[in-house]
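Colleague: I am new to this structure and would like a close look at a single part of it, the largest nonpolar core. Which residues have the most contacts inside it, and which elements give two or more residues to it?

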Amino acid sequence: MTVKQISVFLENKPGQLSDVTKVLAEKDIDMRALSLAEAAEFGIVRLIVSDPEGTAKALKDAGYICALTPVIAAAVPDRPGGLYSVLELLRTNDINLEYAYVFIAKKKDGAYNIFHVADSEMERAMKVLAENGVTLVEQEELDSL
């Protein structure tokens, strides 16, 4: 059970992120989470949105290079040590976390954590988390926030 993340490649210059969010606003797409990783000439914006397929189409139609990527979404208690316990499960099972980001939900007493692991480790990571009481979140739940 993965969710779909949009990865958008942007030139590292003023206004690029603003332009992407304008496309989302014009298409009435609601952003759930955003992560921005910057490099010298380009950056990668990672988005969790209300309509992943529609977002990818809108961004491609607007000339952006983007991709849909499966990621793991987990609901973790919003308390000290909540994230640590999940990350420790991955570490002790020798699952390498490639990147992660967190957002606080509007309707939950917790935080949603987005995790990306190698494609070859995705199923095993989800199994380890679920077997240890971590609530995995489906796309529909994120869409309904």
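Modeller: In this predicted model, the largest nonpolar core is made up of 16 residues, and Ile72 and Leu129 are those with the most contacts inside it. Four elements are named as giving two or more residues to this core, namely strand S4 (65-77), H3, strand S6 (110-117) and helix H4 (122-131), and the largest share, five residues, comes from H4. General experience fits such a picture, because nonpolar side chains in soluble globular proteins tend to be buried together.

It helps to look at Ile72 in detail: leaving aside residues up to four places away in sequence, Ile72 touches Asn113, Ile114, Phe115 and Val117, and also Met122, Ala125, Met126, Leu129 and Leu136. Leu129, which appears among these contacts of Ile72, is the other residue named for having the most contacts inside the core. Apart from this core there is a second, separate one of 15 residues, which includes Leu10, Leu24, Leu47 and Tyr64.

H3 (82-92), one of the elements that contribute to the largest core, is followed by a loop that leads to strand S5 (97-104) and holds Asp94. Asp94, by contrast with a buried residue, counts as exposed, because its relative accessibility of 67% is over the 50% cut-off. Although Asp94 is not a glycine, its phi is positive, at about 55°.

Note on methods
Residues are numbered from 1 along each chain as its sequence is written. This is a predicted model: local features need pLDDT of at least 70, side-chain atom pairs count only at pLDDT 80 or more; totals for chains, interfaces and linings use all residues. Side-chain values use heavy atoms; hydrogens and water are left out. Buried means under 20% relative accessible area, exposed over 50%, partly exposed in between (1.4 Å probe, protein chains only). A nonpolar core is a set of buried Ala, Val, Leu, Ile, Met, Phe, Trp, Tyr and Cys residues joined through side-chain atoms within 4.5 Å. Contact means heavy atoms within 4.5 Å.
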